[in-house]
Amino acid sequence: MAEASHGVGGLTYDKSKRSWPNELNIFIALIIIIAIFEILGQVLPYMNGQSFLFDTQDRFNSIFNEARLRIIILQVAIIGIISLGVTQVIISGGIDLSSGPLVGAAAMIVMSFAQTELVNGNPNPKAVFGDWAFDLPVIVPVIVGLCFGAFIGAINGSLIAFTRIPPFIATLGMFLICRGIAQWWTKGQPVSFPTESFAWLGSGMMPVVWFIMLAVLCHIALRYTVYGKHTYAIGSNEDAARMSGINVKRHKVLVYMIASMLAAFAAIILSSKNLTAQTGMGQFYELFAIAMAVIGGVSLTGGRGSIIGTVLGAMVFGAIQSGFTYIKLDAFYQLMAMGTIIISAVVLDQWRQQRAASAA
C-alpha cells in the first residue's frame, strides 16, 4: 500500500501518484529522437557512419554539427512564432486554421510597403504602389502587417464568440478568404526588393531571436497574468468561466487577435528572410503550428498546455524534419510520417485525459 500523509483539511497525499512535468516528457522524447537518428546514421549502409548531431569531420570548432543545429532551429523559428498564438487559441478551447494563408496574405501586403525605389540603379521592377510607398521607415510595414493580422483575428474571434459558429468552420472560411486575398493583391505576382532595414528583420539568426523573445512574452502572459488565467479558465469550462464573471466573448476575440497578429509577424519575418513575398507562402503552416502545440502537450479539448511545451514541441518537430532529410527519406514519406506522428500525439493526449479522469 502506498504511503500517504495527511494534508490540509484531512486530505491525503499519495506519493505514488506524483508525476513529473509534461515538459520533461517532451524533452526526454527530443533526446530519444536525436539518439534514434544518431543510431540510424551508424547502422544504415548508405549513411557511411555519419553523425546526426555531432561534428565527426572537424569542420567546426565544437563537438556539435553547428550547421545542422542552425538548420533545425531556423526551420522551426518562423512556424514556431505561429504556434505560440495557436497554443493560446487551443488552450482557450478553439482552433485556428487560417494562420497559414494569413501568412501568405500578410506577406504580400507587408512587402508592398517595404519596397525600395531603386534596384541596381534602376526603378523597382516589382513596384506595387507609386513613389509615396518607396523607402518607408521599417515601422510602417510592420504596423501594417500587425494591423492586418489584428483585423483578421477580430473577425475570427467575433464570428466564434457572437454568432456561435464552430471555430473550425469560422477559421476554415477565413483560410479561403486569406488565400484569395494573397492571390488578388497583385494578381498572383510576387513582390520583391525590400529596403535594407526591412531585410534586417529576418536576416541571419534573427528569426530565432524573435521566436525566443515572443515565447518568453507569451509564457509570462499565460503563466502570470489575468489574461492567462482567463484563457485557461475558458478552455477548461466555458460556462463556469462565464458564471465567475469573465467576459468570455471579449476574451475569445482577444485570443484570436493575438494569434493572428503573431501569424502576421511570422509573415513579416518570413518575407524579410526570403527578400520576397509570394502568394503560396505559408502552405501547411497552420497544420505544422498545430502539430507543434499538440506534440508539446497542448490538449485539443482546451484548458491544458504551456508555451514551454510548445517550444519543446517545435524542437521535436524540427529534429524529426531534419532527421528525415538526414537519412534521405523521400518527401512524400516525410509527409506520411509527420501525419502519423500528429495522429499519435493526439491519441496519446486522449489516453492521458482518460487516465486522469479515471484516477480522479
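These exercises walk through a predicted model of one protein chain.

**Exercise 1. The whole chain**

Find how many helices and strands the protein chain has, and decide how its radius of gyration fits the globule rule.

Solution.
- Step 1: The protein chain has 13 helices and six strands.
- Step 2: Its radius of gyration is 22 Å. The globule rule gives 21 Å for 360 residues. The two values are close, so the chain is as compact as a globular protein of that length.
- Step 3: Along the principal axes, the C-alpha atoms fill a box of roughly 80 × 60 × 35 Å.
- Step 4: Of the 360 residues, 47% count as buried.

**Exercise 2. Two enclosed helices**

Work out how far the span of helix H3 should reach, and state how many residues of H3 and of H11 are buried.

Solution.
- Step 1: Helix H3 covers residues 99-112, which is 14 residues. At 1.5 Å a residue, the span should be 20 Å. The end C-alpha atoms are 20 Å apart, which agrees.
- Step 2: In H3, 14 of the 14 residues are buried, so the rest of the structure largely encloses this helix.
- Step 3: Helix H11 covers residues 285-295, and 10 of its 11 residues are buried. H11 is therefore largely enclosed too. Among the buried residues are Tyr285, Glu286 and Phe288.
- Step 4: Look just after H11. Gly297 takes a positive phi of about 95° there.

**Exercise 3. Aromatic pairs**

Classify the pair Phe37 and Phe324, then the pair Phe129 and Trp132.

Solution.
- Step 1: The whole structure holds 12 aromatic pairs.
- Step 2: Phe37 and Phe324 lie 6.0 Å apart, centre to centre, with 85° between the planes. Planes over 60 degrees apart count as edge-to-face, so this pair is edge-to-face.
- Step 3: Phe37 sits in helix H1 and Phe324 in helix H12 (residues 307-326). The pair links distant parts of the chain, 287 residues apart. Both Phe37 and Phe324 are buried.
- Step 4: Phe129 and Trp132 are 5.3 Å apart, centre to centre, with 35° between the planes. This pair is tilted.
- Step 5: Phe129 is partly exposed, at a relative accessible area of 27%. Trp132 is exposed, at 55%.
- Step 6: Ring pairs link Phe129 and Trp132 with Phe113, Trp184 and Trp185 into a cluster.

**Exercise 4. A salt-bridge network**

Trace the salt bridges of Glu238 and Arg242, and name the network they belong to.

Solution.
- Step 1: The structure has four salt bridges.
- Step 2: Glu238 bridges to Arg164, with the closest N and O atoms 3.6 Å apart. Glu238 is in helix H9 (residues 238-243), while Arg164 is in the loop between helix H4 and helix H5. They are 74 residues apart.
- Step 3: Arg242 and Glu238 also meet in a salt bridge, 2.8 Å from N to O. Both lie in H9, four residues apart, about one turn of the helix.
- Step 4: Recall that an α-helix has 3.6 residues a turn, so residues three or four places apart point the same way.
- Step 5: Arg242 bridges to Asp239 as well, at 3.1 Å. These two are three residues apart in H9.
- Step 6: Shared partners join Arg164, Glu238, Asp239, Arg242 and Lys252 into one network.
- Step 7: Check exposure. Arg164 counts as exposed at 57% relative accessibility, and Arg242 as partly exposed at 37%.

Methods:
Residues numbered from 1 in each chain as written. Predicted model: local features only at pLDDT ≥ 70, side-chain atom pairs only at ≥ 80, totals over all residues. Heavy atoms only, no water. Phe/Tyr/Trp six-rings, centres within 6.5 Å; stacked < 30°, edge-to-face > 60°. Buried < 20%, exposed > 50% of the residue type's maximum accessible area, 1.4 Å probe, protein only. Expected span 1.5 Å × (residues − 1). Rg over C-alpha atoms; globule rule 2.2 N^0.38 Å. Salt bridge = Lys/Arg side-chain N within 4 Å of Asp/Glu carboxyl O.
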